[in-house]
Amino acid sequence: MAGVLNWMRRQLGEPEEGCVTVEVQKGFFEVAVDKGRQQGAAKWLAEYHRGHFMVWSLVAEVDEELFENSVQNISSCARESPRLEDLLRICAGFRSWLEADEHHIVVLLSENDPRMLMWSTLLCCAHQLWSGEQDDARAAFMVLCGRRVEAEYLAVNFLLDESKMAEADPMTLLLAPSHRTYLGYVEQLARQPVLATPDAVCV
């Protein structure tokens, strides 16, 4: 997996400091770090976004002081099976932070771990739907793939050869069936004329 991160860094022109940043949409960044190497992400944020960022961390052991104590620890939500209530509350948090100030950015922090990357994928797509940036789950997923520097990243990430990649639906490679189901729920809710508030959703 470290090879994937290094490949992405070369494509993005970033230093190999143990992290990769992907701007999924304006003001929303997905940051993947090598296990135990959060300093690279913190250095990047301090240099370019000091005072304007909030980190939502899928990493349980996150050094909050390293990120200026601007951390929402959501690692407990990253269960094997998602909960719609959790997804909507997190998306509502993203939106609230971004709308509070035009300079604010959201940082979704994960490690190069398959489970965390799956959850990062789910939340990046859910936010695109909930914010109205995209209107269907597949479009959101493909935008994320593009932001991750071409869909070939998926093939390297999951050690798939080209023939398997051609036969497979890319969404099945990064999202488990339950994750795809709940992303579909978010898509349906986001299409409603009046968005349901997270507190009103019980699963």
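Contact here means heavy atoms within 4.5 Å. By that yardstick, residues 24 or more positions apart make up 60% of the contacts with a separation of 6 or more in the protein chain. This is a predicted model, so local features need pLDDT of at least 70 and side-chain atom pairs count only at pLDDT 80 or more, while totals for chains, interfaces and linings use all residues. Residues are numbered from 1 along each chain as its sequence is written, and side-chain values use heavy atoms, with hydrogens and water left out.

**Overall make-up**

- The protein chain has nine helices and five strands, taken as DSSP runs (helices are H or I with at least four residues, strands are E with at least two) and numbered from the N terminus.
- Going along the sequence, the pattern reads α-β-β-α-β-β-α-β-α-α-α-α-α-α.
- Of the 203 residues, 49% are buried, where buried means under 20% relative accessible area, exposed over 50% and partly exposed in between (1.4 Å probe, protein chains only).
- Accessible surface adds up to about 9900 Å², with 49% of that belonging to carbon and sulfur atoms; the areas come from the Shrake-Rupley method with a 1.4 Å probe, and for residues only the protein chains shown count as cover.

**The sheet and its helices**

- Five strands build an open sheet in the order β1-β2-β5-β3-β4, with mixed pairing; two strands pair if DSSP finds at least two bridges between them.
- β1 (19-25) and β4 (71-73) are the edge strands with a single partner each, so one side of each has no neighbour in the sheet.
- From one strand to the next, the twist averages 25°; axes are lines fitted to C-alpha atoms (for helices over the stretch in contact), and angles run from 0 to 180 degrees between N-to-C directions.
- Six bridges join β2 to strand β5 (residues 105-111) in the parallel sense, and Phe 28 has Val 106 as its bridge partner in β5.
- Helix α2 lies across β1, β2, β3 (53-57) and β5, at about 150° to β2.
- Helix α4 (residues 114-130) also packs on the sheet, where it touches β1, β2 and β5 and makes about 160° with the direction of β5.

**Aromatic pairs**

- There are four aromatic pairs in the structure; rings of Phe, Tyr and Trp (its six-membered ring) pair if their centres lie within 6.5 Å, with planes under 30 degrees apart counted as stacked, over 60 as edge-to-face and the rest as tilted.
- Phe 29 and Trp 44 meet edge-to-face, at 5.2 Å centre to centre and 70° between the planes.
- Phe 29 sits in β2 (residues 28-33) and Trp 44 in α2 (residues 39-48), so this pair ties together parts 15 residues apart in sequence.
- Both Phe 29 and Trp 44 are buried; apart from neighbours within four places in sequence, the contacts of Phe 29 include Val 22, His 49 and Ile 105.
- Tyr 182 and Tyr 185 are edge-to-face too, at 5.1 Å and 80°, and sit three residues apart in helix α9 (residues 177-190), about one helical turn.
- Tyr 182 is buried at 16% relative accessibility, whereas Tyr 185 is partly exposed at 35%.
- Phe 28, Trp 56 and Phe 94 are linked into a cluster by ring pairs.

**Cysteines**

- The structure has zero disulfides, a disulfide being a pair of cysteine sulfur atoms within 2.5 Å.
- For Cys 125, the closest cysteine sulfur is in Cys 124 at 6.8 Å, too far for a bond.
- Cys 125 is buried with a relative accessible area of 0%, and Cys 77 is buried at 14%.
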